[in-house]
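Open the model in your viewer and keep the selection panel at hand. The stops below say what to select and what is there.

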Amino acid sequence: MKFIVKINLIIKGILILLSMHCSWGNINSNSDCWLTDLNTKLENKHISSEFKSFIIKEKYSFDLYAILYDALPVEERTDDILTNIDNLKIIQKHIKHYPDKYSKTIVKEIKGEEGGWEKWKKVNFEDELYSDWDEILIKELVDEINHNKKLKDLFDAADRDKRVKLAYAWKLLYDFPELRLRSDVLESHIKVKRVWGPYKDVGKEPVLLSSLTLAYKVPVKGGKNNIEELKNIFLKDGYDLSEGVINVIELPDKTLLVISGHDHLMALEQLGQLVIPIEKAHFNKIDKSYYNQVYFFLEVSKKMGIYTGDFKVKLSPLDIHKVNDKIIEFITEKFDNSTIGPLHKVANIIGEEYMEAFKIDFLRENEFTEIILENYSLALSWKIIEMAGIDKAIGLDKKTLVFIDEFIKKNSGIAITPEDIAEQIKIAGGFDQWKKQQTRIKIINGKEYIVEEHGKNNTTTYKKSLPGTTYDQSLAYAVADADGVPDDPFIVFYLEQNTMIVDFKNVSQELRNYNVDEHVFAEAYDEFAESTVIEKIQFLWAQGKDLDYEIFKQALEEKITLKDALQTTVTGKWGPIQGRLILLKNIDENSIVLSFQNDIYQGDYYSQMLYGKYYRSMLDRDIKASGVLEQLMKGEPLFMIELWKIFAELNVSDAIRQGENKSYIYLAKYNLLGEKSLETVIKDIKDAGGWEEFVLQLKKKEKELEGIEEVIKIDDQTYYRNIIDETVVDRKELLDEIGWFIGYYLNQNYESPSINFRISEEFPVLEIDTYEMNKEVGDIGLKLVADAYDRLHTKYNISNILIYLDQVTPNDFIRNTNEYVRLVEEERKTIEEAAFSLPIGKQMQELGFTDVTIDANMYKSFLNGDMPQLEIVFEKSGDH
């Protein structure tokens, strides 16, 4: 009560002062004076005490009121607007940022703004941002709003508070222009506050929810409450970017596969988020010890009907069997059949009675999984083989399932049930016997043929496999002689790995006229393609055996190209060979061998190889004999073929030519360092006395170069090159907004440093990060640690060195997570003793860092998978 009386006394005192004049802060008096209006409101008991208190306590509050009053048209001078202290505070902030601006000027700006006060207060919402935004950033924001209609519409429609939130969302997404310029992304982003950031500072990347592929859908059984709890937390406290758990593996086919944090993701999705913060690792950069884990989530995603790509993680058959058992256990425990997409789709086909048996086959057998995902109707074929008791090795084979499916379709007009077909198979004595009864199989002279019709006139052909060949598959086609007995094959097809060989044995003019040979070729091609990808097709034409031999040879004699010569033939126009690289492998008086190669990596060098003195057969043998050479050829075909030519010319041993003893590494290193021509390198090797002597001289030269630094430029970047332990090491140094950075790049791989160091004046802690430091380069890595320390410790007086153990590269030589955990959990070392037992820990002791700090609780969380990294800080004694 005393307070109210005091307020009223103060108000009366103010009113006395106000009555002396009707002009304030450069605002002219007028017939409808703001002073009179304010006087009325201060005496009005219905006006809020909050407004009255603001007028009394705030400096220049009369000026604020005067500006607002005078800027408003008469019809808008309502109590709701004039006594809303938020409106007065908006003007107050504007004056704070523009202290030299006259009140009259502000009134004029408001009146001059199309839309008046409501528009002006939105346009000037950046007044709210000045505390932690600089002028340049604000200008960039305003420019982007003005040049992006959807952004402009979004900000114009928002009230002041919402505009500020949108602006901060824009700022948080600043490093990702493809996201910050989308109005729908900003609109959704402000629904859930992000704690910490920006994204890059905490190792996160915002991506569109639509770009992510889930391993599985949530909620799992009993997990709905968990998602609701997360939603409540996110709405109340925001989403903590520094502790986010949505981990993603980027597969080679660009799929972003979510492997953890599904509940978090679903909670964010249900809260209307279009952008999800993730922590991403590329499959090609993770340690192979993580392949089982990636395989698990990828196969779960496939079997849940989510991932539809072709990428496969290669594991041993034993590991596949073990992990698939875990997948069965996981999916069975976490999901009802109705929530598993593929099982839901086949439920009406196979019925509840067979669902569990189907589920086991579908989840365990990967090839069967792919067959069903490609064609769900084959589930009925599976049911029939299950009822018939057919062995799984036969029953789950695609050819078996497709044959039964085609049989069902052919007999769709007959009242025959799956049970009837299963009974037929049993009566016939098994699937193979039943199949023979259903196909046009004939036994002639003790040989089994499949009788078919091909070509425009439905010519009867006899197809059979050729036993005893060394090829993967073979098919021979013949026609009957006058006695109705199959003659010798007129054409034979062989499959050797990824190559289809077409041997034109004796194609008559009649067979060609009716396209019989083309039809059987298409059939054989499709049959071979079921089991492999056909990368190459070879035609074998023999003189007097095929009509196209003479036609093609005559065309070549007219000096036309291979492609044009082929178009003069009939077989050269067949569909499957079109668009392939044409290679003439052999031509003589008796035969012609043509090869049609997929224009993949081999296409880059075949044109160089086969018309000179380097033979395709030698290259084929080398690639087949050496997985190392095959991978190198796929990675850098044009460069590698040049190196291969050098070895071919030198007539070295097969082992050297196929990449043993790092032969290509030495050759590439010599070639790259000097950018020498093929002829020069060959001469240098010969002058050295041969390959072995050349390698010895190269090693000796590298040894001499150790410690000698060379400045080089790569893509406008400066590097300092040294030779360390016969390894080329390029060092890059730079000072950025974070601090000093030193990165070391091994063997001219500039994608990312093998090891790098960061330190700043503000935080003089040396942070070490490594990338796939295996044992082979790990010893070099330790030398680089010492090198970087020598370069930095004088300038920064380093007393602390920080490393992180993580689960992404658990076998890194420098910071070996698996070894650290083994030392603690199996050898029962303390967490500190284990740190000094690692190679990096031993070196830290040599450098004088004899203490270490590790949080025991964080170690437990890290061990349980609740934290992605474990921080280890090595310290000099007495400095902590």
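Buried means a relative accessible area under 20%, exposed means over 50%, and partly exposed is what falls in between. Keep in mind throughout that this is a predicted model.

**Stop 1: salt bridges near the end of the tour's numbering**

Select Arg822 and Glu827, whose side chains meet in a salt bridge with 2.9 Å from N to O. Glu827 has a relative accessible area of 40%, so it is partly exposed. Arg822 also counts as partly exposed, because its relative accessibility is 28%.

Next select Arg731 and Glu733. Their side chains form a salt bridge too, at 2.7 Å between N and O. Is Arg731 buried or exposed? Its relative accessibility is 4%, so Arg731 counts as buried. Glu733 has 28% and therefore counts as partly exposed.

Now go to Arg657 and Asp622. The closest N and O atoms of this salt bridge are 2.6 Å apart. The pair ties together distant parts of the chain: Arg657 sits in helix 34 (residues 654-657) and Asp622 in helix 31 (residues 616-625), 35 residues apart. Both Arg657 and Asp622 are buried.

These pairs belong to a longer list, as the structure holds 36 salt bridges.

**Stop 2: two crossing helices**

Colour helix 9 (residues 135-146) and helix 11 (residues 160-172). Their axes come within 11 Å and cross at roughly 105°. Angles of 65 to 115 degrees count as roughly perpendicular, so helix 9 and helix 11 are roughly perpendicular to each other.

Which residues of helix 9 meet helix 11? Show the side chains of Leu137, Glu140, Leu141 and Glu144 in helix 9; they meet Ala167, Trp170 and Lys171 in helix 11. By class, this contact has 4 nonpolar and 3 charged residues, and no polar ones.

**Stop 3: the open sheet**

Switch to a cartoon view and find the open sheet of 9 strands, in the order 8-9-10-11-12-13-14-16-15, with mixed pairing. Strand 8 and strand 15 (581-587) stand at the edges; each has a single partner strand, so one side of each is left without a neighbour in the sheet. Direction ignored, neighbouring strands of the sheet are turned by 25° against each other on average. Strands of a sheet pair through backbone hydrogen bonds, either parallel or antiparallel.

Start at the edge with strand 8 (residues 441-444) and strand 9 (residues 447-454), which pair in the antiparallel sense over 4 bridges. Select Ile444 to find its bridge partner in strand 9, Lys447. The two strands form a hairpin with 2 residues between them, and Asn445 in the turn has a positive phi of about 55°.

Move on to strand 11 (residues 473-478) and strand 12 (residues 491-496). They run antiparallel and are joined by 5 bridges. One point to select here is Tyr477, whose bridge partner in strand 12 is Ile491.

**Stop 4: the helix across the sheet**

Add helix 27 (residues 516-529) to the view. What does helix 27 lie across? It lies across strand 9, strand 10 (459-464), strand 11, strand 12, strand 13 (499-504) and strand 14 (536-542), and runs at about 20° to strand 12.

As a last selection, take Glu452, Lys463, Glu523 and Glu527, which are linked in a network of salt bridges.

Technical notes
Residues numbered from 1 in each chain as written. Predicted model: local features only at pLDDT ≥ 70, side-chain atom pairs only at ≥ 80, totals over all residues. Heavy atoms only, no water. Salt bridge = Lys/Arg side-chain N within 4 Å of Asp/Glu carboxyl O. Buried < 20%, exposed > 50% of the residue type's maximum accessible area, 1.4 Å probe, protein only. Axes fitted to C-alpha atoms, helices over the stretch in contact; angles between N-to-C directions. Parallel < 35°, antiparallel > 145°, perpendicular 65-115°, else oblique. Contact = heavy atoms within 4.5 Å. Nonpolar A, V, L, I, M, F, W, Y, C, P; charged D, E, K, R; others polar. Pairing = 2+ DSSP bridges.
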